[in-house]
Amino acid sequence: MLEPLSVATYACRRAGVTLGSCVLVCGAGPIGLMSMLAARALGASKIAIIDIAQNRLDMAKQLGVDYPLLVNTKDSLEMAKKVHTAMGCEPNITIECSGAEQSVQTGVYATKPGGVLTVIGHGPKMVSVPIVEATARELDIRGCFRYANDYQLALEMIATGKVDAKPLITHHFPLEKTLDAFETSRTGAGGAIKVMIHCDQ
C-alpha cells in the first residue's frame, strides 16, 4: 500500500497541498482515495471527491471525505458548478486521478482562478482541454508521473496513524487463487478497490 500512497503523496506535494487547502480529487479509485487521505494528512481543510461509481464514493465517505459527489452529467462545467455548490468554495487545488477527458475538463472548470490542477491519471494520448479557460483563469497545470523520494513520507503517514490505508484492501485471496484475484482487480467485481494476495495461506 506504500506504493499508491507514495504516488498520492507526490501528487499532493506537486500540487502544493498544505494546511487549509481546499482540494478536489477527480476519481475515487485507489490513487484518488489515497490522494484524498494524503491531502488530509498534509493539512487540507476541505476535500471533495467525484466519481461515476457510487461504491467508490461510499468508500471515500467511510475514509472521511467531506464531499463525495456522484458524476451524473456529461457536462464538465455543470459538474464543476456542483462541486462549488457542495464545497461552498472553488477548490484552490484539484488532483485529477482518472485520466478521463471529462474529468480533466471538470478539473479545469472547478479549480479556483490562480489555482493548481495536478494530473496523475493517464488516459488517452490526446485529451481535449479547455486551454483558453485555463489560461484566462491562470491555472497552473502540473503533470505527475509516479513518485520521487516519497516512500519515507508515505511510511511516516502510516506509521504515525495519519493515514489508515487498510480499508482500501477490499478483497483477500490465497496464492492458489491468484487468477481470481487478478480478475477481481481487473473487473472491480464486488466493489473491489485493492486486492491482496496472501502468500502465507
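These legends accompany four close-up views of a predicted model.

**View 1. The open sheet and its edges.** Here six strands line up in the order 3-2-1-4-5-6, and their pairing is parallel. Strand 3 (67-70) and strand 6 (140-143) each have a single partner strand, so one side of each is left without a neighbour in the sheet. From one strand to the next, the twist averages 15 degrees. Look also for helix 4 (residues 76-87), which packs on the sheet and touches strand 1, strand 2 and strand 3. The direction of helix 4 makes about 155 degrees with that of strand 3.

**View 2. Strand 5 beside strand 6.** Zooming in on this pair, strand 5 (residues 116-119) meets strand 6 in the parallel sense over four bridges. To find your bearings, start from V116, whose bridge partner in strand 6 is D140.

**View 3. The largest nonpolar core.** This core holds 37 residues, and those touching the most other members are V17, V23, L33, M36, I47, I49 and I95. Several elements supply at least two residues each, among them strand 1 (22-26), helix 2 (30-41) and helix 7 (151-159). Helix 1 gives the largest share, seven residues. A second, separate core has 12 residues, including L24, L69, M79 and A80. Back in the largest core, which partners does V17 contact beyond its neighbours within four places in sequence? They are C12, V23, A39, L42, A44, I93 and I95.

**View 4. A right-handed β-α-β unit.** Strand 7, helix 8 (residues 178-187) and strand 8 build this unit. Strand 7 (residues 169-174) and strand 8 (residues 194-198) run parallel and are joined by five bridges. One handy landmark is H172, with M196 as its bridge partner in strand 8.

Definitions and conventions:
Residues are numbered from 1 along each chain as its sequence is written. This is a predicted model: local features need pLDDT of at least 70, side-chain atom pairs count only at pLDDT 80 or more; totals for chains, interfaces and linings use all residues. Side-chain values use heavy atoms; hydrogens and water are left out. Two strands pair if DSSP finds at least two bridges between them. A crossover is right-handed if, with the strands pointing away from the viewer, the path from the first strand over the helix to the second runs clockwise. A nonpolar core is a set of buried Ala, Val, Leu, Ile, Met, Phe, Trp, Tyr and Cys residues joined through side-chain atoms within 4.5 Å. Buried means under 20% relative accessible area, exposed over 50%, partly exposed in between (1.4 Å probe, protein chains only). Contact means heavy atoms within 4.5 Å. Axes are lines fitted to C-alpha atoms, for helices over the stretch in contact, and angles run from 0 to 180 degrees between N-to-C directions.
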